Amino acid sequence: MQRADRTNHRLSNNVISETEPRKEPIPFQYGIPISTGCECIDQLLDGIQPGDLIEFAGPSGCGKSQLSHFTTLQVAHSRPNEPVLFIDSGCAFSAQRCAELYNHSDTFKNSRSSVCVTEVLNNIIIEECFEIYELFDLMYNILEDKTLSLSLIIIDSIGSILSPLLGPGQSNGYKILHTLKDLLRQLATKFHIPIILVNIAVSNSNMTSNRDNYPTTKPALGQYWHAVPNKRLYFTKSIDTLHYHAALLSGTPVDEENILSCENSDGIVYKVVEFSVQRLDQPNELRTAKLFIGSLDILSSFNQ
């Protein structure tokens, strides 16, 4: 395992180096949610509570990993003595991306003078897991570790680890899924650790885009998986974003006046791309928000 700045360390070692004195972990403030860094996403989730299992699902390029990075950064900054564990199954984590967000986002404007980005990155543990048994070993190690105090676990992406094990001819796939479900719930409830599970999307063969504007994709891993997370967010591209990406792919000139942009408090103007985020686990209450993602910041708003 390694810190986000790529300093090697053991799982049970909760300090930056062996020579530094160990910092006493801050007791988790039970009942007080932690933040993604995006106010409207926090409200959509009713906050990230201790013990939550939260799914970020959606097609590729819809902002899931960027929000995961931003949430990692926000929690690593706000809880300096309790690391965030980022489990990376596809070499998705980027310390450079986190550094750019920290150095330019208005969310961290008041902190940059007293807390440098290296201190924040040192509070992020990176573990690469490319198959399910590596993930099982890591989770058992966490359960057995009496000294490690984590503030958040993010798995990006659980879908890419599990998808090859599910489907025709995979007789053990659902047994493995059941074991994973039990381990996730043990971690979440025993240690009061919220866990974010990033999931991929598959074709929604039962729906078409002409039916009530329902998305033609859905979260991967099937119906059995739906009962595992207690909060589920689904990310999709807005119509304007789809048109923008289609124009880029086709080589069609893009009208710069129609591209969204923001300006941070330092006067830097940057482009943002709009996505839609929907809460899926509350079928009787349609709750959606807009997510605006740029290279320097992430913003959110509620749909009007």
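This tour proceeds through a helix pair, a set of paired strands and several salt bridges. The structure is a predicted model.

**First stop: helices 2 and 3**

Select residues 64-78, which form helix 2, together with residues 95-104, which form helix 3. The two helices pack at an angle of about 65°, and their axes lie 10 Å apart. Their crossing is right-handed. To view the contact itself, display the side chains of Ser65, Gln66, His69, Phe70, Leu73 and His77 on helix 2. On helix 3, the residues they meet are Arg97, Cys98, Leu101 and Tyr102. Coloured by class, this contact shows 5 nonpolar, 4 polar and 1 charged residues.

**Second stop: strand 9 and its partners**

Next, select residues 231-237, which make up strand 9. Strand 9 is mostly covered, with 5 of its 7 residues buried. Add strand 2, residues 53-57, which pairs with strand 9 in the parallel sense over 4 bridges. Within this pairing, Phe56 stands opposite Leu233 of strand 9. Then add strand 11, residues 269-279. Strands 9 and 11 pair in the antiparallel sense over 5 bridges. Here, Thr236 has Ser276 in strand 11 as its bridge partner.

**Third stop: salt bridges**

The structure holds 9 salt bridges; the following are among them. Begin with Arg79 and Glu82, whose side chains meet at 2.7 Å, N to O. Both of these residues are buried.

Return to strand 11 and select Glu274 with Lys290, a salt bridge of 4.0 Å, N to O. Because Glu274 lies in strand 11 and Lys290 in strand 12 (residues 288-294), the pair ties together parts that are 16 residues apart in sequence. Glu274 is buried, at a relative accessible area of 15%, while Lys290 is partly exposed, at 25%.

Finally, select Asp281 and Arg279, whose side chains form a salt bridge of 2.6 Å, N to O. Asp281 counts as partly exposed at 25% relative accessibility, whereas Arg279 counts as buried at 4%. Which residues should be displayed to see the network joined by salt bridges that share partners? Select Asp46, Arg279, Asp281 and Arg287, which such salt bridges join into one network. As a general point, side chains of opposite charge can pair when their charged atoms come close.

Terms used
Residues numbered from 1 in each chain as written. Predicted model: local features only at pLDDT ≥ 70, side-chain atom pairs only at ≥ 80, totals over all residues. Heavy atoms only, no water. Axes fitted to C-alpha atoms, helices over the stretch in contact; angles between N-to-C directions. Left-handed = near helix turned anticlockwise from the far one by under 90°. Contact = heavy atoms within 4.5 Å. Nonpolar A, V, L, I, M, F, W, Y, C, P; charged D, E, K, R; others polar. Buried < 20%, exposed > 50% of the residue type's maximum accessible area, 1.4 Å probe, protein only. Pairing = 2+ DSSP bridges.
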